[in-house]
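Trainee: I've got a model open and I'd like to practise reading it. Can we go through it together?

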Amino acid sequence: MTGLPSVGLISHGTSSPTGQVLIEVLAAEVATDLRIRGIADEVMLGHVDVQKPDVDEVIARLPADRPVILVPLLLSPGYHVHVDLAEAAGRAAESGRDVRRTPTLGPDPRLAEILSDRLPPLKGSDDVILAAAGSSDERANESCREMGWLLAAELERPVEVGFLAGGGVALKDLVAESRSRGARPVLANYLLAPGFFDDLARKQVEGGTESTGVLAPPLLTGGGTTSAVPPKLVDIVRDRAREGIHGQVRDGVLAAGRNSGPGGAHVEGGCPAYVQPHTQPHNFTPQKLNV
């Protein structure tokens with residue numbers, strides 16, 4: 001044992017094969033990055049919904065003699081962090097495990113840069129709308145609104161925020177209002193990967209021609225000229241892991257065991273678990289576990 005902490009990357013989970021593959025690629029790149037930099041030894045991917053392993057199983061599979069850092073691959077703080085991750089970390093702490101939770105990936109100015117890169121060329125008359133999954137937890141929705149402000153600053157133009165579910169202004173209403181003014185609604189896709197919500201957002205702008213509206217690719221995307229896994233996204237995950245390791249506090253979240261506060265979200269994307277053992281060389285390719 002080297003004593004380096006282990007990292008559990010916790011996605012939402014999805015039934016979309018494309019979404020599963022893209023989260024798998026993200027997990028593999030993060031695992032390699034963390035090990036090469038000497039930040040963590042073992043990295044396992046788990047999920048709060050839809051797929052296995054769940055958070056409890058991830059913690060159980062990772063070494064018990066070192067800290068476990070749970071990094072939500074989620075964009076804003078909602079039910080899955082406040083409840084699912086919090087309860088799993090609490091159960092582990094009661095059994096004597098050192099489990100620390102980190103903030104979610106967003107909001108973060110680097111996400112605004114990725115969202116901007118995903119957008120098509122904008123016209124002066126376009127309405128830019130940040131399309132977010134939405135949550136019944138207002139803290140998650142407020143986080144998405146903050147992301148909208150960051151994107152507006154990045155684009156130097158107004159950005160509205162519309163939600164596909166939960167509270168807040170409905171995305172479909174913003175799209176309809178934009179069209180009623182004769183504008184083209186351009187949706188910045190604030191989802192991690194293809195899946196249920198991505199399909200739902202696409203239906204909001206379908207209409208036969210691009211002039212009726214356009215949905216940008218999600219943060220992780222396959223094909224085209226953009227990178228499937230933006231390097232800045234790997235940077236964000238690494239920074240969150242470091243926060244957990246060093247016990248830093250961000251947005252009122254304690255990154256430590258059962259005393260951890262909230263800091264996660266609800267988005268699409270997920271895949272089977274990965275482990276990067278400390279015995280593997282630096283060119284390690286994560287191996288899929290049978291779950």
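Mentor: Sure. This is a predicted model, where local features need pLDDT of at least 70, side-chain atom pairs count only at pLDDT 80 or more, and totals for chains, interfaces and linings use all residues. Residues are numbered from 1 along each chain as its sequence is written, and side-chain values use heavy atoms, with hydrogens and water left out.

Trainee: How many aromatic pairs does the structure hold?

Mentor: Rings of Phe, Tyr and Trp (its six-membered ring) pair if their centres lie within 6.5 Å. By that rule, the number of aromatic pairs in the structure is one.

Trainee: Which kind of pair do Phe196 and Phe197 make: stacked, edge-to-face or tilted?

Mentor: Planes under 30 degrees apart count as stacked, over 60 as edge-to-face and the rest as tilted. The ring centres of Phe196 and Phe197 are 5.2 Å apart and their planes stand at 75°, so the pair is edge-to-face.

Trainee: Is Phe197 buried or exposed?

Mentor: Buried means under 20% relative accessible area, exposed over 50%, and partly exposed in between (1.4 Å probe, protein chains only). Its ring partner Phe196 has 54% and counts as exposed. Phe197 has a relative accessible area of 8%, so Phe197 is buried.

Trainee: Where do the buried residues of H7 sit around the axis?

Mentor: Helices (H or I, at least four residues) and strands (E, at least two) are DSSP runs, numbered from the N terminus. In helix H7 (residues 196-205), the buried ones are Phe197, Asp198, Ala201, Gln204 and Val205. Going by the directions from the helix axis to the C-beta atoms, they cover an arc of only 110°, so they are on the same side of H7.

Trainee: Which exposed residues does the face turned away from the buried side of H7 carry?

Mentor: We've already met one of them, since Phe196 counts as exposed at 54%. The face turned away from the buried side carries Phe196 and Lys203.

Trainee: Which residue's side chain does a polar contact join to that of Asp127?

Mentor: Asp127 is in strand S5 (residues 127-132) and, at 16% relative accessibility, counts as buried. A polar contact is a pair of N or O atoms within 3.5 Å; within protein, one must be able to donate a hydrogen and the other to accept it, and residues adjacent in sequence count only if both atoms are side-chain atoms. Here the distance is 2.7 Å, and the partner of Asp127 is Ser178.

Trainee: What is the order of the strands in the open sheet?

Mentor: Two strands pair if DSSP finds at least two bridges between them. The edge strands, each pairing on one side only, are S2 (43-47) and S4 (99-101). The sheet has four strands with parallel pairing, in the order S2-S1-S3-S4.

Trainee: Over how many bridges do S1 and S2 pair?

Mentor: One bridge links Ile10 to Gly46, its partner in S2. Strand S1 (residues 6-11) and S2 pair in the parallel sense, and the number of bridges is five.

Trainee: Where does Val50 lie, and is Val50 buried or exposed?

Mentor: Val50 has phi near 70°, a positive value in a residue other than glycine. Val50 is in the loop between S2 and H2. With a relative accessible area of 53%, Val50 is exposed.

Trainee: Which residue does a cis peptide bond join to Gly106?

Mentor: Look in the loop between S4 and helix H4 (109-118). Omega is about 0° for this bond, and the residue joined to Gly106 is Pro107.
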